[in-house]
Amino acid sequence: VGEGDDEGGEEYLFKIVIIGDSAVGKSNLLSRYARNEFNMHSKATIGVEFQTQCLEIDSKEVKAQIWDTAGQERFRAVTSAYYRGAVGALIVYDISRRTTFDSVGRWLDELKTHCDTTVAMMLVGNKCDLENIRAVSVEEGKSLAEAEGLFFMETSALDSTNVKTAFEMVIREIYNNVS
Ligand code: GDP
Ligand code: MG
């Protein structure tokens, strides 16, 4: 009996990448989702390449292997190995920093260059707790997502708003794409 074959249970393993400019909150979105942790003074991730989260969809075991850039984006050197095999992506900007929203197009281009299969993509406007210094409106985020055919959600890794929802929407979309 092969692994996962017992009792007719199937298993799925999905690779998901998180991309976006430096300091938009990618690492904290992942730590909030995977470990319910937040770090106010997080430095570039050291060592950890990905975190695995398991969930059940249609009584099947789905494992999401979610990759973090380990700070390489600062040097515009996110390698093709990072994207290899990805079937889902979160493209993150910071709603309080306009330049990070302006970079979204470049990240999308890079994603499309490296991934040839169908990739479930979500545009994520993070740090929505910083409403008082907002620099990108919800409508702008929405219309960019619509134009590019992406899901859209504003999140806060700080207060947990929509973090689980954003990851799980992507995971469910991947599942729909492959099942
Ligand atoms: P990364 O470079 O994209 O991985 O960003 P980090 O996760 O390291 O976060 C960069 C900085 O933004 C850190 O000081 C975090 O504490 C802060 N940060 C991340 N997410 C949020 C958020 O949702 N709200 C607020 N206010 N700060 C955040
Ligand atoms: Mg990081």
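Two strands pair if DSSP finds at least two bridges between them. Helices (H or I, at least four residues) and strands (E, at least two) are DSSP runs, numbered from the N terminus. The model you're looking at is predicted, with local features needing pLDDT of at least 70, side-chain atom pairs counting only at pLDDT 80 or more, and totals for chains, interfaces and linings using all residues. Residues are numbered from 1 along each chain as its sequence is written, while chains are lettered from A and ligands numbered from 1 in the order in which they are written.

**Exercise 1. Work out which strands flank strand 4, and name some bridge partners.**

Step 1: start with strand 1. Strand 1 is joined to strand 4 (residues 88-94) by four bridges, and the two run parallel.

Step 2: pick out residue pairs. I18 has L90 as its bridge partner in strand 4, and I19 has I91.

Step 3: go to the other neighbour. Strand 5 (residues 120-126) pairs with strand 4, again in the parallel sense, over seven bridges. Here L90 turns up once more, with M122 as its bridge partner in strand 5.

Step 4: carry on past strand 1. Strand 1 (residues 11-19) also pairs with strand 3 through seven parallel bridges, and Y12 sits opposite V62 of strand 3.

**Exercise 2. Decide whether strand 4 is enclosed or open, and explain why.**

Step 1: set the cut-offs. A residue is buried if 20 or more other C-beta atoms lie within 10 Å of its own, exposed if 12 or fewer, and partly exposed in between, with C-beta atoms placed from the backbone.

Step 2: check each face. G88, L90, V92 and D94 are buried on one side, and A89, I91 and Y93 are buried on the other, so to speak a strand covered on both faces.

Step 3: conclude. Strand 4 is largely enclosed by the rest of the structure, because seven of its seven residues are buried.

**Exercise 3. Compare the surroundings of A86 and Q65.**

Step 1: place them. A86 is in the loop between helix 2 (80-83) and strand 4, whereas Q65 belongs to strand 3.

Step 2: count neighbours. A86 is buried because 21 other C-beta atoms lie within 10 Å. Q65 has 17 C-beta neighbours inside 10 Å, so it counts as partly exposed.

Step 3: list contacts, where two residues are in contact if their C-beta atoms, placed from the backbone, lie within 7 Å. Leaving out neighbours within four places in sequence, A86 contacts K15, I16, V17, C115 and V119. With residues up to four places away left out, Q65 touches L13, F14, K15, I16, F50 and T52.

Step 4: set sequence against space. A86 and F14 are 72 residues apart in sequence, but their C-alpha atoms are 7.3 Å apart. Q65 and D102 are 37 residues apart along the chain, with 28 Å between their C-alpha atoms.

**Exercise 4. Find where N36 and S59 lie, and say what their phi values have in common.**

Step 1: read the angles. N36 has a phi near 55°, positive in a residue other than glycine. S59 isn't a glycine either, and its phi is positive at about 50°.

Step 2: locate them. N36 is in the loop between helix 1 and strand 2 (50-57), and S59 in the loop between strand 2 and strand 3 (60-67).

Step 3: check exposure. N36 counts as exposed because it has 10 C-beta neighbours inside 10 Å; S59 counts as exposed with 9.

**Exercise 5. Describe what surrounds ligand 1.**

Step 1: count the shell, taking a residue as near if its C-beta atom, placed from the backbone, lies within 6 Å. There are 18 residues around ligand 1, and the closest are G25, K26, S27, N28 and L158.

Step 2: find the main contributor. Helix 1 (residues 26-35) gives the most to this shell, with three residues.

**Exercise 6. Sum up the overall fold.**

Step 1: count the elements. The protein has six helices and six strands, in the order β-α-β-β-α-β-α-α-β-α-β-α.

Step 2: judge the size. The radius of gyration (over C-alpha atoms) is 16 Å, close to the 16 Å from the globule rule (2.2 Å times the number of residues to the power 0.38), so the protein is as compact as a globular protein of 179 residues.
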